[in-house]
Amino acid sequence: MKVLKFGGSSVGKTDAILTTISIIRAAANDGKIAVVLSAMQGTTDALIDAGRRAERGDDGYIEVLEHIGERHLETIKELFTDGDGSDISEFVEVTIRELENLCEGVRLIRELSPKTLDRILSFGEIVSSKIVAAKLIADGVDAVWADSRSFIRTDSSHGSASVELQSTYSSLQSLIANESSQVTVFPGFIASDKDGSTTTLGRGGSDYTAALIAAAVDANVLEIWTDVSGMMTADPRFVRGVREIPNITYREAMELSHFGAKVIYPPTIQPVMSKGIPILIKNTFDAAAVGTLIESESTAASGMIRGITSIDNIAVLSLEGSGMVGIPGFSRRLFDALARAQINVILITQSSSEHSICVAVEDKFAESAKTAVDGEFEYEINIGRIEPLGVETGFAILALVGDNMKEHTGVSGRMFTTLGNNGVNIHAIAQGSSERNISAIISSRDVRKAVNTLHEEFFSDGSKQINLYIAGVGTVGKRLIDQLEKQHQHLLDELRLNVRVVGIANSKAALLADEGIDLMTYGDGLSSAETATIATFTDAIIERNLRNSIFVDVTASEMVVEQYGKLLSKSVSVIACNKIAASSEFQNYSTLKNTAREFAANFFFETNVGAGLPVINTLNDLLRSGDRVRRIEAVLSGTLNFVFNTYDGSRPFADVVRQAQDEGYTEPDPRLDLSGTDVARKILILARESGHRIEMSEIANEGFLPQSCLQGTVEDFYAEMLKHEAHFRKLLDDAIGDGKMLKYIASLTDGKASVGLQSISPNHNFANLSGKDNAVLFYTDRYPEQPLVVKGAGAGADVTAAGVFADIVRAAR
């Protein structure tokens, strides 16, 4: 025999009821079945609302009950088009009048007792089950309606009554044995006490009704029909790529359900679990879907993790004090106090020092828990033996569940490392001796990110989603976005990285989209986006709290740099094309590096030196491998190398500089390049990355520009260079006269750095640098005479964007 239970969504509308009836008819073809029905979706909440309104003296309960009645009558009218529903319609009308009388009595005495509320709530399941039974009979199905209150006996704990199993099983067995009908329809959720008063079975009561019937008659299977296709590896509201769980054990199902999975309620499993009856979770609206089979041992199950689940709105209670150490009874008294206050403890953890006990409860019980516990320990608190109960709210419990975890080492390590890398702080940890569950208390605001992060770690096909925010859509920013768009599929196929740009900002506005921005049309979106500052853009990044977030700065703005610390402290990695941060005061540079380490974020700025060349990465690799840098010589300005390679006196020096700017080699203000400031920044960064504590002011900078060229606007700068053409021509002629050439060179020796224009001989290491090339020579313990050389194009939007791209990939991996 089968037992089928249908939830509220399965009887919520006429179409749903017709689908449910077709499922029942198909099941009845294979033998006798029992059917348990919940109230129509939303009815129970509406009935509670009516009762509470009446208790407050609000006659609005009448309108609520009228709406409930109209909804049911309309459904009956749609189901019974030939008029066969007159009896059930009359029953609904009579019952609604009875409810109105009950609520009027409540209104008069301004008291809604649990017993009266149970009577009010019973309407939902009774009427929905009668409607379905009547429709089955009208369609020619051999069906009968049975009142659960006549067979399921409970105590008188109204609202959440305890079932007297022996008498209940006996009554149900007798009913089924003597009932000849093919289909027996029961209302779920309701029962009665020894006096015949209506009781309810509490949360998940209809599932429990079905489980009791299945256990009583030793059913072959208990089918629970709902609006999802079984249990999922995570909450689909949080995770887009959830998977259905085809097979799971009772133990795993209870763990997942206890920690938030809503498909079943843990007590539901107990009656059938004790008899080894499998439970099949099915989708009413997708009957062909496999669903989830819950059984004693799941031979088909594989993988160490079965699911990830969470409970929000948690309060953490902490009882601590030196007077607890070595003294027995504190735990017992704590739990006794909570039990007397009827507060359920969801999670428990205790320090090995016995100095503190931490428990988690629903946050709505936090205040009553404090009152109960502080009252229990009033004497110990007064004499200072323990502290008053600490209460913290705003938490959630995150749980990793799987029977096979005990067979694998390192699961906890992977869980906490993954969370830590995404800035999810762990407030408390608990793991049962069965090793079936690892639970952690985290901030409620981190739940979505945490669940997504863990699901990606344990259930993905190896791909990793990266959420990218880009500040700056100038020349380099546009090239970067273009490269990201073109290489998206390559990154997914080859590196298993799903890189989504979820935020783009310029100096005036910000475009944000958690599901990803269309990189082909982002310009239109940005032009119509709301006005935003970089500070509000940063706040939005932090508020969204997406996993694997990376912030990319392709501006030259100091205001953007000011946001780095805030982002890093929230475990958002920062990729800086902007040189300001790494070349700012050493204390700021050091603080940013330390913040990145502290909060498991990446702070990369490879393109600060050499555009797309792997200069900083090579230096870091040398140092990480134990080498020591003795000296660095470098041509670090693609702009200056281009200028002095191109300037031959045939046209003014100013024209050559303007060409460099037009071709995208210079900074927005070319004076940063020609004054040596940009080169000084770069050697400063290399010096710091080499381990030297050095400031910008300590770098010797021998400028070649006349002082007047550094005054005024950029256009004034070009005008002044034209006036001083003779000066530039003399520099060139003097070098040629000595058989040499001009190169702007940076050097670092023994912690001392300098930059300046030099005349070098044709056999110098830098003599053959052409165009906008850069070159860096690393003289180290391992490369004392023949240096390690990094050489290539050191300027240009494409190569700079490619360097930023490489940093993004490195941070993502």
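This is a tour of selections to make in the viewer, with a note on what is found at each stop.

The model is predicted, so local features are given at pLDDT of at least 70 and side-chain atom pairs at pLDDT 80 or more, while totals for chains, interfaces and linings use all residues. Residues are numbered from 1 along each chain as its sequence is written, and side-chain values use heavy atoms, with hydrogens and water left out.

**Stop 1: strand β16**

Select residues 437-443, which form strand β16. Helices (H or I, at least four residues) and strands (E, at least two) are DSSP runs, numbered from the N terminus. Six of the seven residues in β16 are buried; buried means under 20% relative accessible area, exposed over 50%, and partly exposed in between (1.4 Å probe, protein chains only).

Which strands pair with β16? Strands count as paired if DSSP finds at least two bridges between them. Add residues 390-401, strand β14, which runs antiparallel to β16 and is joined to it by seven bridges. In this pairing Ala 399 stands opposite Ser 439. Then add residues 428-431, strand β15, also antiparallel to β16 and joined by four bridges. Here Ile 429 stands opposite Ala 440.

**Stop 2: salt bridges**

The whole structure holds 43 salt bridges. A salt bridge here is a side-chain nitrogen of Lys or Arg within 4 Å of a carboxyl oxygen of Asp or Glu.

Select Glu 252 and Arg 306; their closest N and O atoms are 3.2 Å apart. Glu 252 belongs to helix α8 (residues 250-258) and Arg 306 to the loop between β10 (292-295) and β11 (307-320), so the salt bridge ties together parts that are 54 residues apart in sequence. Both Glu 252 and Arg 306 are buried.

Next select Glu 380 and Arg 333, a salt bridge with its closest N and O atoms 2.7 Å apart. This pair links distant parts of the chain, with Glu 380 in helix α12 (residues 378-382) and Arg 333 in helix α10 (residues 330-340), 47 residues apart. Glu 380 and Arg 333 are both buried.

Now select Asp 446 and Arg 445, whose side chains meet in a salt bridge at 3.9 Å, N to O. Are these two residues buried or partly exposed? Asp 446 is buried, with a relative accessible area of 7%, whereas Arg 445 is partly exposed at 42%. To finish this stop, return to Arg 333 and Glu 380 and add Arg 340 and Glu 376: salt bridges that share partners join these four into one network.

**Stop 3: helix α26**

Select residues 714-723, helix α26, and show the side chains of its buried residues, Phe 717, Tyr 718, Glu 720 and Met 721. Viewed down the axis of α26, these buried residues fall within an arc of 165°, so they line one face of the helix. The arc is that of the directions from the helix axis to the C-beta atoms. Among the elements covering them are α23 (653-662), α24 (671-674) and α27 (725-737).

**Stop 4: two serines**

Select Ser 89 in helix α4 (residues 86-109). Ser 89 is buried, with a relative accessible area of 17%. Leaving aside neighbours within four places in sequence, Ser 89 is in contact (heavy atoms within 4.5 Å) with Leu 73 and Ile 76.

Move to Ser 296, in the loop between β10 and β11. Ser 296 counts as partly exposed, at 33% relative accessibility. Its contacts, again leaving aside neighbours within four places in sequence, are Thr 249, Tyr 250, Arg 251 and Gly 276. Add Lys 275, 21 residues away along the chain: its C-alpha atom and that of Ser 296 are separated by 9.6 Å.

**Stop 5: two positive phi values**

Select Asn 548, where phi is near 50°, a positive value in a residue other than glycine. Asn 548 sits in the loop between α17 (534-544) and β20 (549-553) and is buried, at 12% relative accessibility.

Finally, select Ala 611, in the loop between β22 (603-604) and α21 (615-624). Its phi is also near 50°, a positive value in a residue other than glycine. Ala 611 is buried, with a relative accessible area of 6%.
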